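Here are my notes for you, written as numbered points to follow alongside the model. I hope they are handy when you go through the contacts yourself.

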Amino acid sequence: MKRFMVSLVLGVGVLLGACTQQEPVALPAGLQGAYDLVLVNDDLVFVTSTDRDELRVLQLTEDATKRGYVRAPNPLEPLAIPVLPRPQALARDVRYDAEGNERTGTYVYARSSGSAVISVVDSAADKLREVARLDTRLLTDMSSGSSESSKSSGPVTAFAALATEQEGGSSTLYFATQDLDGARVWRVLLTTDTEALATLPVPPRAEQLLKLASDEAVSSLLVLPDPNLIAVSTHRGQFGNPGTSFILKLDTKTQSTTLDFGGAQVLQLVTHGRVPGEDTQPERRAAGARIFGVLDPSNCTQPAAPAPAVACQSGILAVDSTTGSLAKDFTGYPMLPINSGPGLPMGLSLSTNTLLSVQGGETREPTVPLLGIVPLSTGAILFFDALNLTHLNVGATWLATETPNTATATISLLDVVGNNVDPSTPDRRADIAFSGTFGVTRDEAYVLTSEGVLPNTSRLERDPATPTFTVPIVEALEEGVVRPSVRPGDLIVLLPENTSQPACAQSVLVGEVQRAPGAATALLVPVGALPEACADYPRFEVRAGGERPLVLTDAGGNYLQRMGTGSTYSRADTFFFHPPGYAGQATGTAVSLTVTRDLRQSPVGRDQRFVVTTASHFYPYVLSVDLVNYDALRAFRLPGPVVRARVGDTDFAYIVYPSANAILQMNLSTVVAGAANALGLVPFR
């Protein structure tokens, strides 16, 4: 079922930015509970006002000073369209013309969660009223010859509508209901003569197209350019048993193509009109060439069995609408999910020929042939290249001394307080060699501490009456061999109880490590007697010594292994994006560090540390709203569905914000990736 987002209240049109900009005067709509919005005829945005049982309409006039909600006959009030109780989801009449361009039709439809009723609204700018309220229990009642089992009594869970191609034709409304014995998909024809529809003496008859299993519910219906086809996605409640997505052939009422979203369950299906332009793959630019799915990771696994990796990820995937297979990105290999961090997609809009501001690290043209816009549950907005099925990477920058399209690292040697030991040598590649894989290496930090304290051996208690020391042992894989953390040649440092007093100036060498096989602790036997001045100290720590005096940890301080001259730490991982030249490999080197400095000839002082900071040179085109510096934007924390509209020569994203009970207009030619934005954002309340 389409994800419902918390209430949205449309915002006053206050233009944020330079103080010299003129503020548009917009009549506040006073929305209460806006869960969804749709764009009709490129200039009317319909939005729900759930708590008031009505819809409001934002009119996108080219004159920004007049842009605002359609006024009621009383010009002092915005127009309200009364509809069914608590409208939470909207659908519009849509079709694709002979050139593959998306066109809207006569009606906008509204439904409510748990209800069997659908409101039909005349979307003409001079009408804007509910013309019918359809009870699907009556539409599906075919008792004049059909069995009782063909009648639906359950709520509507999804809907979509196909607009007519000719004047006087019919709008085809598709809707799914959920009954005790399973989900069903229906079709009903509605005359586009709005006056005739409003005065029908009996409800029109719906035709059952499909019946599904009792444990399956329909989450999304999608009209395709071929009027004989619709796409359907379903979901199930059992872990490890996700719903399915498929194309339904209407003339035969059969499932013709399975849509393979990598085993993932899909919340919402979206497609696109024809993408202008020419390339070596013209088929990918055809209207409806790909079907995009908003993934639902909530059903990704059974308690005892892991599911495929894609099935447990959130984000966006696309499939080829002809074959149903996972679509291939610009590298010619199956795409990876488009996502950004932990945020869950709250909606998806696909728009053609969209002017989007170019950021540093990008070499593309300002106009994106097919742009994906994804509001996220974290409050961020993600933009991606929906034609090439890849992120818009705004972090692809390299220094003149670096090689483009490679992962890099900066290496420094710091003292115990963080000062650069040798500022004249900013790059320590002569000491630590790094390699990684562009598309696998992430932005991370690694620390190699000289004579660092070994894991779990900081300020341990000891019995001063005994000359031995008991320590926990941590094992780690070092160059293919599992080795214990503490070894002969390490250093025991005696510590006083009072932490303000210094440690013993003389370290004790570990001569023997006595450990039973598999034991979690070991007994350390020092070489010689303990220093007389420190022999009664009650605490101690163990530091790395010998041939591997460097303790390698990650940025969080987690122990990885010990290193010395010539030793290597290496870790492989999967690709999180496909770089240019990707050849189909599943994994690559995430990080490889080799100590090339001769630590015996050129030792490093205790607690001095090499810090290796790896650079992915990847940052998705993601931005947020400035919630701190502008009072008018403080409530814009949680976005919902989004539509894109071109007003004049400017492309805007219109995003419904349940947290603010408002719509936010975002000028796509001025947004800044990786930043909290305010300039070019206009709230309509």
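1. Let me start with charges over rings. This is a predicted model, and in it Arg111 lies over the face of Phe159, 5.2 Å from the ring centre. Arg442 offers a second case: its charged end sits over the ring of Phe576, with 4.0 Å to the centre of that ring.

2. Phe576 is worth following further, as it also belongs to an aromatic cluster. Its partners there are Trp398, Phe438, Phe577 and Phe618. Thus the ring under the charged end of Arg442 is also one of the cluster members.

3. Now for the aromatic pairs, of which a search of the whole structure finds 15. One of them joins Phe292 and Phe384, with 6.4 Å from centre to centre and 45 degrees between the planes, a tilted arrangement. Phe292 belongs to strand S19 (residues 290-296) and Phe384 to strand S23 (residues 381-385), so this pair ties together parts that lie 92 residues apart in sequence. Both Phe292 and Phe384 are buried.

4. Which geometry do the rings of Phe438 and Phe577 adopt? Their planes stand at 80 degrees and their centres are 5.2 Å apart, so the pair is edge-to-face; the cut-off for that class is an angle over 60 degrees. Phe438 is found in the loop between strand S26 (432-435) and S27, while Phe577 is in the loop between strand S38 (568-574) and strand S39 (587-595), so the contact ties together parts 139 residues apart in sequence. Phe438 and Phe577 are both buried.

5. Next, the strands around S40. Strand S40 (residues 609-615) pairs with strand S25 (residues 408-414) in the antiparallel sense, over 7 bridges. Within this pairing, Ala409 stands opposite Thr614 of S40. S40 also runs antiparallel to strand S27 (residues 444-450), to which 6 bridges join it. Here Tyr446 is the residue opposite Val612 in S40.

6. On to salt bridges: the whole-structure search finds 36. Asp135 and Arg137 form one of them, with 2.8 Å from N to O. Arg137 has a relative accessible area of 37%, so it counts as partly exposed.

7. Are the two residues of the salt bridge between Asp651 and Arg644 buried or exposed? Asp651 is buried, at a relative accessible area of 1%, and Arg644 is buried too, at 16%. Their side chains meet with an N to O distance of 2.9 Å.

8. The salt bridge between Asp279 and Arg284 has its closest N and O atoms 2.8 Å apart. Asp279 counts as partly exposed, at 25% relative accessibility, whereas Arg284 counts as buried, at 13%. The cut-off that separates these two labels is 20% relative accessible area.

9. A last item for your list is a salt-bridge network. Glu478 and Glu479 are linked in it with Arg483, Arg487 and Arg548. As general background, side chains of opposite charge can pair when their charged atoms come close.

Conventions:
Residues are numbered from 1 along each chain as its sequence is written. This is a predicted model: local features need pLDDT of at least 70, side-chain atom pairs count only at pLDDT 80 or more; totals for chains, interfaces and linings use all residues. Side-chain values use heavy atoms; hydrogens and water are left out. Two strands pair if DSSP finds at least two bridges between them. Helices (H or I, at least four residues) and strands (E, at least two) are DSSP runs, numbered from the N terminus. Rings of Phe, Tyr and Trp (its six-membered ring) pair if their centres lie within 6.5 Å; planes under 30 degrees apart count as stacked, over 60 as edge-to-face and the rest as tilted. Buried means under 20% relative accessible area, exposed over 50%, partly exposed in between (1.4 Å probe, protein chains only). A charge sits over a ring if NZ of Lys or CZ of Arg is within 6 Å of the ring centre and within 35 degrees of the ring normal. A salt bridge is a side-chain nitrogen of Lys or Arg within 4 Å of a carboxyl oxygen of Asp or Glu.
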